[in-house]
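Visitor: Please take a close look at one part of this model, how its strands pair, and then go on to a few residues elsewhere in the chain. Keep to contacts, distances and burial.

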Amino acid sequence: MYPAFLKVFPAFFKTFFKMKLSALFTKTKHNPPQGEVSINAKLLEQAGYISKMMAGVYAYMPLGLRVLKKVSAIIREEMDALGAQEIYLSALQPKALWEVTGRWNELSEIMYQFTDRSDQEVGLATTHEEPITEIAKHYISSYKDLPLAVYQIQDKFRDEPRAKSGLIRGREFSMKDLYSFHTTGNDLDSFYLLVANAYKKIFQRLCLPVRMIEASGGTFTKSYSHEFQVIADAGEDKLIYCTNCDYAQNAEISRYKDGGHCPHCEKTLTESRGIEVGNIFKLGTKFSDALGLHYTDSDGVARPVHMASYGIGPGRVMGTIVEVSHDERGIIWPKSVTPFHAYIASLGNDPGMIECIKKVYTKSQSAGYEVLYDDRNVSPGVKLRDADLLGIPLRIVTGTKSEGKYEISERSMSTKKIVTEKEVFTTLSSFYS
Ligand code: ATP
Ligand code: MG
């Protein structure tokens with residue numbers, strides 16, 4: 001039932017599925033951190049998911065890393081389903097490569113650039129079109145080598161001027177970047193559609209309602225790129241969209257205004273703030289022309305490779321989920337990315353109540369559930385407050401009135417149910433099926 005490596009490393013196996021809150025590296029704080037303005041930074045830091053190093057730079061703590069890994073796992077599954085192969089490129093980049101495309105200067109404000117001890121100028125990658133195109137020259141030479149798609153989940157560095165949005169705008173942040181290579185623009189167009197659909201599936205699995213909108217091509221292309229935007233007040237972008245059909249544009253490029261008529265269906269257009277969680281670009285032959293990435297077609301003629309690039313920020317996704325899924329008491333994680341399936345605790349020191357919870361703790365492992373056991377010697381009030389702050393979707397507790405049974409509740413609802421031990425596991429199984 002479990003992967004072989006879990007049998008080889010039993011210690012890892014144990015911590016993977018269950019954890020005692022008393023042993024957790026982080027502790028929840030009574031108050032939100034000073035100096036944070038964004039909701040995601042406040043809640044994630046207070047609950048101990050992340051720890052701030054400096055503006056726009058956060059360390060992921062055990063709970064936060066579990067969420068980030070689940071977000072990344074969903075993205076990885078959908079990339080693998082497209083037939084894309086996973087790679088891992090270097091963050092450290094030589095100036096010479098980025099000078100060929102002119103982006104060493106073009107990106108100089110946002111790219112960390114410095115001179116190393118042997119007087120070489122180097123930079124930290126803001127994105128990876130140049131290195132992937134250069135590397136692809138070693139492996140793509142014929143039409144028989146195409147199409148191809150490779151992706152990575154790796155950290156990017158950008159000297160962002162407004163790093164006040166927690167995980168939504170990091171200066172060091174995780175990005176999934178996919179690159180595809182094609183013989184023709186038509187082949188690129190059809191793969192681009194497949195990726196757009198994979199993106200829709202990813203955001204659906206992440207429980208993030210997105211709109212795919214037309215946006216600027218940035219430094220890449222004069223035509224549109226497509227952004228995946230989550231409508232949220234915390235967003236830095238403005239969108240113009242139709243509530244009746246799919247029409248939507250970034251206000252930056254749109255000719256239309258709030259209250260205007262939709263060019264597709266004539267209904268009224270609306271303006272809202274949005275958070276860009278994904279962005280896909282048709283690069284055409286911009287990078288292959290500049291760096292000399294060619295293939296020979298079936299007639300032996302050399303032609304430039306057509307390329308596209310596709311980004312999603314797993315950290316920004318995690319911050320966005322908190323922005324759209326929280327209440328005044330804390331975070332409300334969707335099932336697909338919660339750090340644990342259930343929070344369990346005894347609301348009192350009665351040995352019988354503790355025994356019942358310990359049984360669920362022990363059995364959860366063989367049943368394949370990840371549980372966080374709040375075994376701290378603190379008041380029921382503190383436990384319930386922290387359970388709300390942490391935002392795990394299911395809470396299973398024993399109290400003075402449960403008499404050998406369990407009280408089970410959902411973080412997103414106020415209703416409670418009293419159930420037997422067997423029913424605890426049937427509830428877990430139906431909740432996470
Ligand atoms: P923005 O306009 O918000 O600055 P961008 O258009 O420069 O973003 P892209 O280069 O398209 O970003 O990056 C691809 C994806 O990486 C984005 O859709 C987003 O999910 C994520 N991302 C970009 N910048 C950041 C950042 N500073 N912090 C966290 N995630 C980011
Ligand atoms: Mg973008």
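Guide: Two strands are said to pair if DSSP finds at least two bridges between them. The model is predicted, and the pairing described here is that of β6 with β7. Three bridges join β6 to β7, a strand of residues 121–124, and the two run antiparallel. Within this pairing, Phe114 stands opposite Val122 in β7.

The pair belongs to an open sheet of three strands, in the order β5-β7-β6 with antiparallel pairing. Its edge strands are β5 (92–94) and β6 (113–115), each of which pairs on one side only. From one strand to the next, the twist averages 35°.

Next comes the metal site. Ligand 2, a magnesium ion, is coordinated by two OE atoms of Glu276 and by OD1 of Asn279, at 2.2 to 2.7 Å. The two residues fall in separate burial classes, with a cut-off of 20% relative accessible area for buried. Glu276 has a relative accessibility of 21%, so Glu276 counts as partly exposed. Asn279 has a relative accessible area of 11% and is therefore buried.

Asn279 also leads to His226, a residue of strand β11 (residues 225–231). Leaving aside residues up to four places away in sequence, His226 touches Gly278, Asn279 and Ile280, as well as Tyr192, Met212, Ile213 and Glu214. With Tyr192, there is a polar contact between the two side chains, at 2.8 Å. His226 is buried because its relative accessible area is 18%, against a limit of under 20%.

The last residue is Thr398, in strand β22 (residues 394–398). Its relative accessibility is 1%, so Thr398 counts as buried. Beyond residues up to four places away in sequence, Thr398 touches Ala345, Ser346, Leu347, Met353, Cys356, Ile357, Lys405 and Tyr406. With one of these, Met353, there is a polar approach: the backbone oxygen of Met353 lies 3.0 Å from a polar atom of the Thr398 side chain. Gly348 is 50 residues from Thr398 along the chain, and the C-alpha atoms of the two are separated by 8.1 Å.

Notes: Residues numbered from 1 in each chain as written. Chains lettered and ligands numbered in written order. Predicted model: local features only at pLDDT ≥ 70, side-chain atom pairs only at ≥ 80, totals over all residues. Heavy atoms only, no water. Helix = DSSP H or I, 4+ residues; strand = E, 2+ residues; numbered from the N terminus. Buried < 20%, exposed > 50% of the residue type's maximum accessible area, 1.4 Å probe, protein only. Polar contact = N/O pair within 3.5 Å; in protein donor to acceptor, adjacent residues only side chain to side chain. Contact = heavy atoms within 4.5 Å. Axes fitted to C-alpha atoms, helices over the stretch in contact; angles between N-to-C directions. Donors = N, O, S within 2.8 Å, 3.2 Å for Na, K, Ca; no water.
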